[in-house]
Amino acid sequence: MAEKKEHLYKVLVIGDLGTGKTSIIKRYVHQFFSVHYRATIGVDFALKVINWDADTLIRLQLWDIAGQERFGNMTRVYYKEAVGAFIVFDVTRTSTFEAVQKWKNDLDTKVTLPNGKPVPCVLLANKCDQAKEGLVNSSAQMDDYCKERGFAGWFETSAKENINIDEAAKFLVSSILENDRANDWEGSGTNEGMHLKDEPQPEPKSGCCS
């Protein structure tokens with residue numbers, strides 16, 4: 001019986017302070033949610049092991065990058081070797097959505113695939129169990145926003161109510177695997193999960209829950 005193919009993938013979770021990045025990771029990795037808020041200082045990370053299919057085991061390293069501006073100058077080293085990212089905003093605070101473009105630009109300038117293309121990035125509209133402000137009220141406008149800005153897709157999520165967390169992660173991992181498999185098909189002979197070569201990016205598509 002053939003051994004499972006193992007992949008180690010580093011995924012960044014970025015966005016403004018207080019958008020629920022840590023809560024999303026805790027919900028996804030530990031099935032846990034706490035109402036007590038503690039700001040992440042610097043960087044934190046968690047590991048999720050996924051039995052993807054009969055042949056594939058994925059170790060997903062989720063890096064929780066602090067939302068404080070003063071940590072901006074140290075993010076480059078933490079972004080290194082990432083193969084995917086979530087950008088998180090809080091649907092109850094428009095200012096966190098306005099900051100999304102800044103985070104996407106930061107991501108795209110600090111980490112790319114070896115062919116120069118951006119790593120796949122999924123936008124999370126978090127706290128969707130609460131009253132929403134702004135563009136996120138229109139799925140069509142959010143679809144356009146993500147397509148124009150190069151997001152692989154977007155999801156309304158709630159760490160508190162466990163809405164779409166697993167679905168969003170599955171969607172991102174699928175995009176990462178697609179890149180890796182394209183790399184394999186090109187005959188590279190190796191697949192470490194961290195080093196991707198020239199491959200087509202998946203077409204932007206919506207992953208919204210509405």
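**View 1. The six-stranded sheet, end to end.** In this predicted model, six strands make up an open sheet with mixed pairing, and reading across it gives β2-β3-β1-β4-β5-β6. Strands β2 (43-53) and β6 sit at the edges with a single partner strand each, so one side of each has no neighbour in the sheet. On average, neighbouring strands here are turned by 25 degrees against each other, direction ignored. As a bit of background, strands of a sheet pair through backbone hydrogen bonds, either parallel or antiparallel.

**View 2. Strand β1 and its two partners.** Take β1 (5-15) and look to either side. With strand β3 (residues 56-65), β1 pairs in the parallel sense, and nine bridges hold the match. Lys 5 is the residue to find for this pairing: it stands opposite Thr 56 in β3. The pairing of β1 with β4 is parallel too, over five bridges, and there Leu 12 stands opposite Ala 85 in β4. How much of β1 is covered? Mostly covered is the verdict, with eight of its 11 residues buried.

**View 3. Helices packed on the sheet.** Helix α4 (residues 100-110) lies across β1, β4 (84-90) and β5, and runs at about 165 degrees to β4. Helix α5 (residues 139-148) also packs on the sheet, where it touches β4, β5 and β6; the angle between its direction and that of β6 is about 135 degrees.

**View 4. The β5-β6 pairing.** Strand β5 (residues 121-126) runs parallel to β6, and five bridges join the two. For a spot to zoom in on, try Leu 123, whose bridge partner in β6 is Trp 154.

**View 5. Thr 157 and its surroundings.** Thr 157 belongs to strand β6 (residues 153-157). Buried or exposed? Thr 157 is buried, because its relative accessible area is 0%, and the cut-off for buried is under 20%. Apart from neighbours within four places in sequence, Thr 157 is in contact with Ile 24, with Leu 124, Ala 125, Asn 126, Lys 127 and Cys 128, and with Ile 163, Asn 164 and Ile 165.

**View 6. A nonpolar patch on the surface.** Which residues form it? Leu 8, Leu 47 and Val 49 do, and together they have about 230 Å² of accessible area. Leu 47 is part of strand β2, which is one of the two edge strands. At 45% relative accessibility, Leu 47 counts as partly exposed, because exposed would need over 50%.

Definitions and conventions. Residues are numbered from 1 along each chain as its sequence is written. This is a predicted model: local features need pLDDT of at least 70, side-chain atom pairs count only at pLDDT 80 or more; totals for chains, interfaces and linings use all residues. Side-chain values use heavy atoms; hydrogens and water are left out. Helices (H or I, at least four residues) and strands (E, at least two) are DSSP runs, numbered from the N terminus. Buried means under 20% relative accessible area, exposed over 50%, partly exposed in between (1.4 Å probe, protein chains only). Contact means heavy atoms within 4.5 Å. Two strands pair if DSSP finds at least two bridges between them. Axes are lines fitted to C-alpha atoms, for helices over the stretch in contact, and angles run from 0 to 180 degrees between N-to-C directions. Patches are made of residues with over 30% relative accessible area and no salt bridge: like charges are joined within 9 Å, nonpolar side chains (Val, Leu, Ile, Met, Phe, Trp, Tyr) within 5 Å. Accessible areas come from the Shrake-Rupley method with a 1.4 Å probe; for residues, only the protein chains shown count as cover. A salt bridge is a side-chain nitrogen of Lys or Arg within 4 Å of a carboxyl oxygen of Asp or Glu.
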